[in-house]
Amino acid sequence: MGRIPKDHPRYQSLITREKLVAAGELIAGAGLIAHGRGEAFDYLLGERTTGPAHRAINAAAGLLCNAKRPVISANGNTIVLAAPAIAELAIVIPARVEVNLFHRSPMRVAGLAAILRKAGIEPLGEKPNFHIPGLASERAKCCRTGIGEADVVLVPLEDGDRCQALVNLGKQVIAIDLNPLSRTARTAHVTIVDELTRCLPLLITAVSGKASIENEFDNEKNLAKVMKLMCVRLETIQPMLKDE
Ligand code: PTJ
């Protein structure tokens, strides 16, 4: 990892990038691109957890606490950036964690599962025996006792096709995605538009307090509020830039 001066104004952001790069082949090439896209949307949010994100976190906690078979689906970016928080969340819910990759290879699955084991949980995913119908990508491969039989699935950094396939299978889907315009964000039942490592501790706290179910939660309306916040932020930044 290259040396990053601690007083760099974007120290945390640079450390996160280095972490992804240092993970080598455990991160898909496309995972680096996905991270950059996430960063761009996070700028528009002001790099903070917004009100709509807090509401989505509560709605997600309600779903997870009341699920019979909750599963957290974890990909390369999620595990490399947040394995300890994913493990903690899985323990407090409690839920199973399944390694499920878009760019699947035995080496990546084994390496990522090992990181989760080090974080204290035994993940599923290394021996898939279930196929998500209607999905051509490698992400269709999963475990019957995990994603296959889950009633609620948490999918951080999901791709749109699989999110739709999980919804078609009758699962309640919770997405974490900084892009409120993505197909995943619009297809999931609850979308937390927030940065993964920022919102996981909040989700753990909400689950620990056994958050009340947000029956009133409307994903479409909540996403519209997020986009409104982004527009307001751009409008308020613009005059500031003109003054410079
Ligand atoms: O590890 P694999 O093989 O399963 O591949 C994982 C990636 C991320 C490559 C795969 O799932 C993928 O291609 O995802 P997408 O379709 O690029 O979508 C990723 C979404 O996550 C984008 O909408 C990003 O804005 C968003 N995102 C990226 N980083 C973060 C994020 N959202 C929350 N927190 C982040 N740190």
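Reader: How many Å lie between a nitrogen atom of the ligand and a backbone N or O atom of L178?

Author: The model is predicted, and the distance is taken between two atoms in it. A polar contact is a pair of N or O atoms within 3.5 Å. One partner here is a nitrogen atom of the ligand and the other is a backbone N or O atom of L178, and the distance between them is 3.2 Å.

Reader: Which residue has an N or O atom in its side chain 2.7 Å from a nitrogen atom of the ligand?

Author: Polar backbone atoms also face the ligand, since that of L196 lies 2.9 Å from a ligand nitrogen atom. The distance of 2.7 Å, however, involves a side chain, and the residue that supplies the N or O atom is E195.

Reader: What percentage of the accessible area of the ligand does the protein cover?

Author: On its own, the ligand has 740 Å² of accessible area. The space that the ligand takes is the largest pocket. Of the ligand's accessible area, the protein covers 93%.

Reader: Which helix gives the largest share of the shell around the ligand?

Author: The ligand is surrounded by 23 residues, and R37, F102, R108, D177 and E195 are the closest. By character, the shell divides into 8 nonpolar, 7 polar and 8 charged residues. The largest share, 6 residues, comes from the helix spanning residues 29–45, namely α2.

Reader: Why is the protein chain described as being as compact as a globular protein of its length?

Author: The chain contains 9 helices and 7 strands. For 244 residues the globule rule gives 18 Å, and the chain is as compact as a globular protein of that length because its radius of gyration is close to that value, at 18 Å.

Reader: Which residue is joined to P94 by a cis peptide bond?

Author: P94 is placed in the loop between α4 (76–92) and β2 (96–99). The cis bond has an omega of about -10°, and the partner of P94 is I93.

Reader: What is the approximate phi of E47?

Author: E47 belongs to the loop between α2 and α3 (51–66). E47 is a residue other than glycine, yet its phi is positive, near 50°.

Note on methods: Residues are numbered from 1 along each chain as its sequence is written. This is a predicted model: local features need pLDDT of at least 70, side-chain atom pairs count only at pLDDT 80 or more; totals for chains, interfaces and linings use all residues. Side-chain values use heavy atoms; hydrogens and water are left out. A residue is near a molecule or strand if one of its heavy atoms lies within 4 Å of it. A polar contact is a pair of N or O atoms within 3.5 Å; within protein, one must be able to donate a hydrogen and the other to accept it, and residues adjacent in sequence count only if both atoms are side-chain atoms. Accessible areas come from the Shrake-Rupley method with a 1.4 Å probe; for residues, only the protein chains shown count as cover. On a 1 Å grid over the protein atoms alone, a cavity is a set of points where a 1.4 Å probe fits but cannot get out, and a pocket is an open set with protein on both sides within 12 Å along at least five of seven lines; lining residues have an atom within 4 Å of a point. A molecule sits in a cavity or pocket if more than half of its atoms lie within 2 Å of its grid points. Helices (H or I, at least four residues) and strands (E, at least two) are DSSP runs, numbered from the N terminus. Ala, Val, Leu, Ile, Met, Phe, Trp, Tyr, Cys and Pro count as nonpolar, Asp, Glu, Lys and Arg as charged, and the others, Gly among them, as polar. The radius of gyration is taken over C-alpha atoms; the globule rule is 2.2 Å times the number of residues to the power 0.38.
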